[in-house]
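Trainee: I would like to go through some of the terms used for this model.
Mentor: Then ask about each term in turn.

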Amino acid sequence: VTVTFWHAYAENPAAPEMQRLTKIVIPRFEKLNPGIKVQQVPFSYGNLQQKLTTSAAGGTLPDLIRSDLAWVPQYAKLGVFAPLNKVMPDFKRFAKAMFPGTLATNFYKGNYYGLPLDTNTRVLMYNRQALSAAGISSPPQTFAALRAAAPKLKGKGVFLFADGGTGGWNVLPWIWSGGGNLTNPSYTKATGFLNSARSVAAVQLLADLYKQGAIPSLITGDQGATGTENGLAEGKYATILDGPWMLPIFAKAHPGFKLSTARVPAGPGGSISVVGGEDIVLTQKSKNKAAALRFLRFMISPWAQTQMARAGQLPVRKDVTKSLLKINPRYGIFLKQLETAKPRTPHPNWPKIDEALGAAVLSAIKGDKSTKAALDDAARQIDSLLRN
């Protein structure tokens, strides 16, 4: 039996994740499972989604796909992915091993259409020297500390915080940490949640800081503003939010800069960030479901998760934490943040929901509308999108 596995780890066979998948993980699986061969097919990220769309229409799909988590509800709605909780007898055992936020990315209308394969989240990254120069001894750990630090940094010509947009990836950590929400727990309604007092207060925090000159115009789409990576390393920005992929990027591009990390500043809701990453899904058209599920289980086993972690893929299992810290202790902050991280709304209309959220937050930050009015409008738009 040959199991086909589409993914977008990397097109370059020399990439670390491709080397480990091709030379270590798949050969180990095939040795343990004689009679099953794995044909892995790499794509670029954009080409994979395009191929998935055209293949779904034509009915020529692989057995397994490493899917972006945002695609799962979209293709689940179309009947492309199989509900794993129904076709995989031991689904619950694997589900219990996952970080809750990563597992939730697979949920759509009462079923789970995949399991997490690799994950990431955003944490606070900061320039310790820039903070110290303004008389700030530790990174801002709360919303109150952010407000207090802003004028001190401005006095030194440093922006408190920088980000490159106002979409869900950017602002949901602030909304959730502020005790707000984008929708209700069943993802069916935004009114009363996105425009709740706590959600409004969290977005107002960003609007206030922008108005005070503590957040640069990069957040509003100013292409001429310094990017977050260079701005943090050069001391123009004191803090940013970003993911684990930035560790090697900073090391290579700014070898003289010592990057420091901390959890997302806490508000009334605690310190909560956003889940990123990919899920592994079984297609409904798979002709080798038993063999495919055997490979799926292998890819989310502690051994395979640890192997892929050596290539920079953050594991999704809580029981791999100790192994990961031995590989790279700097991953510890991301694992801590993942304990409470949440998924962006798993819904087929997520791209449109994200667009409505981003536009509302942008108008609030720029002062085009009051924060309450902007989020009221967005909540109504998102209610309609959630119904479709």
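The talk below takes up a pair of helices and then a sheet in this predicted model.

Trainee: Why are helix 10 and helix 18 called oblique to each other?
Mentor: Helix 10 (residues 197-211) and helix 18 (residues 371-387) pack at an angle of about 125°. Roughly perpendicular covers 65 to 115 degrees and roughly antiparallel starts over 145. The angle of about 125° fits neither range, and the pair is therefore oblique.

Trainee: How far apart are the axes of helix 10 and helix 18, and what is the hand of the crossing?
Mentor: The axes lie 9 Å apart, and the crossing is right-handed.

Trainee: Which residues make the contact?
Mentor: Helix 10 supplies S199, V200, V203, Q204 and A207, while helix 18 supplies T371, K372 and L375. Contact here requires heavy atoms within 4.5 Å. Sorted by class, the contact has four nonpolar, three polar and one charged residues.

Trainee: What makes strand 8 and strand 10 edge strands?
Mentor: Their sheet is open, with four strands in the order 8-9-7-10 and mixed pairing. Strand 8 (159-162) and strand 10 (260-262) each pair on one side only. Neighbouring strands of the sheet are turned by 25° against each other on average, direction ignored.

Trainee: How do you know that strand 7 and strand 10 pair?
Mentor: Pairing needs at least two bridges. Strand 7 (residues 123-126) and strand 10 have three bridges, in the antiparallel sense, so they count as paired. Across from Y126 stands S260 in strand 10.

Conventions: Residues are numbered from 1 along each chain as its sequence is written. This is a predicted model: local features need pLDDT of at least 70, side-chain atom pairs count only at pLDDT 80 or more; totals for chains, interfaces and linings use all residues. Side-chain values use heavy atoms; hydrogens and water are left out. Axes are lines fitted to C-alpha atoms, for helices over the stretch in contact, and angles run from 0 to 180 degrees between N-to-C directions. Helices (H or I, at least four residues) and strands (E, at least two) are DSSP runs, numbered from the N terminus. Angles under 35 degrees count as roughly parallel, over 145 as roughly antiparallel, 65 to 115 as roughly perpendicular and the rest as oblique. A crossing is left-handed if the near helix is turned anticlockwise from the far one by less than a right angle, and right-handed if clockwise. Ala, Val, Leu, Ile, Met, Phe, Trp, Tyr, Cys and Pro count as nonpolar, Asp, Glu, Lys and Arg as charged, and the others, Gly among them, as polar.
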